[in-house]
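Thanks for coming. I will go through one model today, starting with the overall span and then moving to the core, the charged groups and two single residues.

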Amino acid sequence: MNDVAVGPLDLAARVDDALAVQALAFGLSDEEIAVRRHIVLRHLGCTGARALGATAPDGRLLGFVYGMPNDRAHWWSTVVEPYLRSAALDHWLDDSFTITELHVHPAHQHRGIGRALITRITDETGEPRSILSAIDTESPARHLYRSLGYQDLARRVLFPSAPTPYAVMGAPLPLRRR
């Protein structure tokens, strides 16, 4: 991580670089990338949306994170709200910073880049907590989130068109450090 710089990212200008990282990390098809490109650009118009990137000395984007203060009117919130409400946890949708995407190039994972991205973006927010969704499997991503203080708020959350269930996770801010 010593040669990687984490800082503000003009995600609109580097959306294709970011989606190339996401495609490798998440196994996306060209069709899925095209859909996500539209979504990312739409999200960037939301109040409070911010992005950080992790770049190599040569300027290559090795990872990125972006998010925004949660809004119950946004699509993601409308999908997860019934799951959270059934567990009496829907208050997590208020006063929360949502981590919309966090991805690190597979060749650069397990080096602290994801941890640096998510802790920095949440440190810079004014909300008292953070929420996110992750594929509901025991993965390195879920392990990272748990190590930072995120806990499962809802599991087996089904998003339209997603083939696998997700978990919604939440953590008080600031995130836990090692």
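**Span, core and charges**

Residues 4–174 are 33% helix and 29% strand, and the end C-alpha atoms of that span lie 23 Å apart. This is a predicted model. The span itself comes from UniProt, where an unreviewed entry lists residues 4–174 as "domain: N-acetyltransferase".

Now the core. The largest nonpolar core has 24 residues, and the members that touch the most others are I99, L102, L117, I118, L132, Y145 and Y150. Which elements give two or more residues to this core? On the strand side they are β2 (50–55), β3 (61–69), β4 (96–104), β5 (129–135) and β7 (166–172). The helices are α4 (113–123) and α5 (140–147). There is also a second, separate core, of 13 residues, and L84, L93, I131 and Y166 are among them.

Take Y150 as one example from the first core. Leaving aside neighbours within four places in sequence, Y150 is in contact with several residues named a moment ago, including I99, I118, L132 and Y145. Its contacts also include T122, S130, M169, G170, A171 and L175. I131, which I listed in the second core, is in contact with Y150 as well.

T122 is worth a stop. This residue is found in helix α4. Is T122 buried or exposed? It is buried, at 2% relative accessible area. Where does its side chain go? It reaches the backbone oxygen of I118, at 2.8 Å. Beyond four places in sequence, T122 touches I99, S130, Y150, L173 and L175.

On to the charges. Side chains of opposite charge can pair when their charged atoms come close. The structure holds 15 salt bridges. I will show three.

The first on my list is R120 with E124, where the closest N and O atoms are 2.8 Å apart. R120 has a relative accessible area of 29% and E124 has 43%. Both fall between the 20% and 50% cut-offs, so R120 counts as partly exposed, and so does E124.

Next is E138 with R146, at 2.7 Å from N to O. E138 is exposed because its relative accessibility, 59%, is over 50%. R146 is partly exposed, at 29%.

R146 has another partner: D152 forms a salt bridge with R146, with the closest N and O atoms 3.5 Å apart. D152 is also partly exposed, at 29% relative accessibility. Salt bridges that share partners join D136, E138, R142, R146, D152 and R155 into one network.

Last, an arginine outside that pattern. R129 lies in strand β5. It is buried yet has no salt bridge. How far away is the nearest side chain of opposite charge? That side chain is D95, at 4.8 Å. A salt bridge needs the nitrogen and the carboxyl oxygen within 4 Å, so D95 does not count as a partner for R129 at 4.8 Å.

What does the R129 side chain reach instead? One partner is the backbone oxygen of D94, at 3.0 Å. Another is the side chain of S96, through a polar contact of 3.3 Å. Setting aside residues up to four places away in sequence, R129 touches H91, W92, D94, D95, S96, F97, A171, P172 and L173.

That is the list. Questions, please.

Terms used
Residues are numbered from 1 along each chain as its sequence is written. This is a predicted model: local features need pLDDT of at least 70, side-chain atom pairs count only at pLDDT 80 or more; totals for chains, interfaces and linings use all residues. Side-chain values use heavy atoms; hydrogens and water are left out. UniProt positions are given in the numbering used here, feature names are shortened, and annotations may be inferred rather than shown by experiment. Helices (H or I, at least four residues) and strands (E, at least two) are DSSP runs, numbered from the N terminus. A nonpolar core is a set of buried Ala, Val, Leu, Ile, Met, Phe, Trp, Tyr and Cys residues joined through side-chain atoms within 4.5 Å. Buried means under 20% relative accessible area, exposed over 50%, partly exposed in between (1.4 Å probe, protein chains only). Contact means heavy atoms within 4.5 Å. A polar contact is a pair of N or O atoms within 3.5 Å; within protein, one must be able to donate a hydrogen and the other to accept it, and residues adjacent in sequence count only if both atoms are side-chain atoms. Lys and Arg count as positive and Asp and Glu as negative; His and the chain ends are not counted.
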